[in-house]
Amino acid sequence: MPDRPEIVCICGSTRFVDEMRAVNRDLTLAGVIVVAPGEADELITDKQKTALDALHLRKIDLADRVLVVNPGGYIGESTSREIDYAHATGKPISFTDPAPAAT
């Protein structure tokens with residue numbers, strides 16, 4: 001038995017906030033520590049977005065693995081950057097849906 005629960009960082013487009021919340025709930029109920037994107041109820045400034053993007057990379061650093069929530073295979077620019085970062089740091093990455101084939 002591990003000394004601590006697995007830590008999973010959820011990545012995905014903010015357009016899928018409901019899906020990310022559901023994945024967060026399911027993983028948490030399964031005994032996983034979940035690190036998820038920050039949420040804001042209002043529009044954020046470019047400076048805030050830059051800060052949140054950098055913070056999310058630190059969340060990836062904390063995680064044992066990354067789970068990309070990508071309904072329909074959609075992966076946006078920010079999520080693609082997070083996937084590249086996770087690859088560069090050697091984090092295992094999985095997806096909720098198959099990623100679209102590269103063209």
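Where is Asn70 found? In this predicted model, Asn70 lies in the loop between β3 and α3, and the paragraphs below lead from the sheet and its cores back to that residue.

The sheet is a convenient starting point. Four strands form an open sheet in the order β2-β1-β3-β4, with parallel pairing. The edge strands, each of which pairs on one side only, are β2, covering residues 33-35, and β4, covering residues 93-95. On average, and with direction ignored, neighbouring strands of this sheet are turned by 30° against each other. The pairing of β3 with β4 is parallel and runs over three bridges, and for Leu67 the bridge partner in β4 is Ser94.

Nonpolar residues can be followed next. In soluble globular proteins, nonpolar side chains tend to be buried together. Here the largest nonpolar core has ten residues, namely Ile7, Cys9, Cys11, Val35, Ile60, Ala63, Val66, Val68, Ile83 and Ala86. Two or more residues of this core come from each of β1 (7-12), β3 (65-69) and α3 (77-88), and β1 gives the largest share, with three residues. A second core, separate from that one, has nine residues, among them Val8, Ile10, Val23 and Leu67. Within the largest core, Ile83 deserves a separate look: once residues up to four places away in sequence are set aside, Ile83 touches Val68, Ile75, Ile93 and Phe95.

Ile75 and Phe95 lead back to Asn70, since both appear among the contacts of Asn70 when its neighbours within four places in sequence are left aside, together with Thr96, Asp97, Pro98 and Ala99. Asn70 counts as buried because its relative accessibility is 0%, which is under the 20% cut-off for that class. The side chain of Asn70 also reaches the backbone oxygen of Asp97, at a distance of 3.0 Å.

Glu19 offers a second residue to follow, this one in helix α1, which spans residues 17-29. Glu19 counts as partly exposed because its relative accessibility is 34%, a value between the limits of 20% and 50% that bound this class. Leaving out residues up to four places away in sequence, Glu19 touches Val69 and Pro71. Although Glu19 and Pro71 are 52 residues apart along the chain, their C-alpha atoms are separated by 8.1 Å.

Note on methods:
Residues numbered from 1 in each chain as written. Predicted model: local features only at pLDDT ≥ 70, side-chain atom pairs only at ≥ 80, totals over all residues. Heavy atoms only, no water. Core = buried A, V, L, I, M, F, W, Y, C linked by side-chain atoms within 4.5 Å. Buried < 20%, exposed > 50% of the residue type's maximum accessible area, 1.4 Å probe, protein only. Contact = heavy atoms within 4.5 Å. Pairing = 2+ DSSP bridges. Axes fitted to C-alpha atoms, helices over the stretch in contact; angles between N-to-C directions. Polar contact = N/O pair within 3.5 Å; in protein donor to acceptor, adjacent residues only side chain to side chain.
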